[in-house]
Amino acid sequence: MTASNIVLEALTEAIKAIEDESLDYCLFGGLAIQAYKRIRSTMDVDLLIAVDEDKKHDFIAKLQKKGFKFDTKKGIIKISDFEFIRCVYTEKKHQIDVFVDFVTVKTEFQKQVLRRKQRLNIFGSKVNIASCEDLILLKALSGRPLDLSDVDVLIAENITSLDKDYLKK
């Protein structure tokens, strides 16, 4: 089993958990950018989810029942406008851990990312993925060198199809 298969197993199980609860979601981060011609390795899964505040702890409990581990001591991680439910999914065959971040929708921009999501084929499955423009904006917001490199490649590879007016807002 390759590293990408291990991450894909974590993605599949995470999406099943989200869909079992009928939550809106979209993939963003290192896996999502591959739908827009930016190929690079990643060992985590990043999902933006719409979960009501009063149902968040129920969702975490259901994730735990499905085998996701949640660090109750650290709790929910808050960084700027982002709130992470950081879990670990252990791949079944080799027992390799994969971080899965469920980022809860809090801001108008995050709500807009969900509204603009696209249902795309990635790794042989149809998945809700943030639009290329929103991935560019999310990665630019993070400001990390790898994310800024992703921004450059996403723009270069998708320049003819980008909504430049949206990016200028």
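Buried means under 20% relative accessible area and exposed over 50%, with partly exposed in between (1.4 Å probe, protein chains only). This is a predicted model, in which local features need pLDDT of at least 70 and side-chain atom pairs count only at pLDDT 80 or more, whereas totals for chains, interfaces and linings use all residues. Residues are numbered from 1 along each chain as its sequence is written, and side-chain values use heavy atoms, leaving out hydrogens and water.

Helix α5, numbered from the N terminus among DSSP runs (H or I, at least four residues), covers residues 145-158. Its 14 residues reach 20 Å from the first C-alpha to the last, close to the expected 20 Å, where the expected span is 1.5 Å times one less than the number of residues. The buried residues of α5 are D147, D150, V151, L154 and N158; they lie on the same side of the helix because they cover an arc of only 105° around the axis, the arc being that of the directions from the helix axis to the C-beta atoms. These buried residues pack against α4 (132-142), with contact meaning heavy atoms within 4.5 Å. On the face turned away from the buried side, α5 carries the exposed residues P145, D152 and A156.

A search of the whole structure finds 0 disulfides, a disulfide being a pair of cysteine sulfur atoms within 2.5 Å. For both cysteines below, the closest cysteine sulfur is too far for a bond.

| Cysteine | Relative accessible area | Closest cysteine sulfur |
|---|---|---|
| C26 | 0%, buried | C132, 13 Å |
| C132 | 5%, buried | C26, 13 Å |

How values were computed
Helix = DSSP H or I, 4+ residues; strand = E, 2+ residues; numbered from the N terminus.
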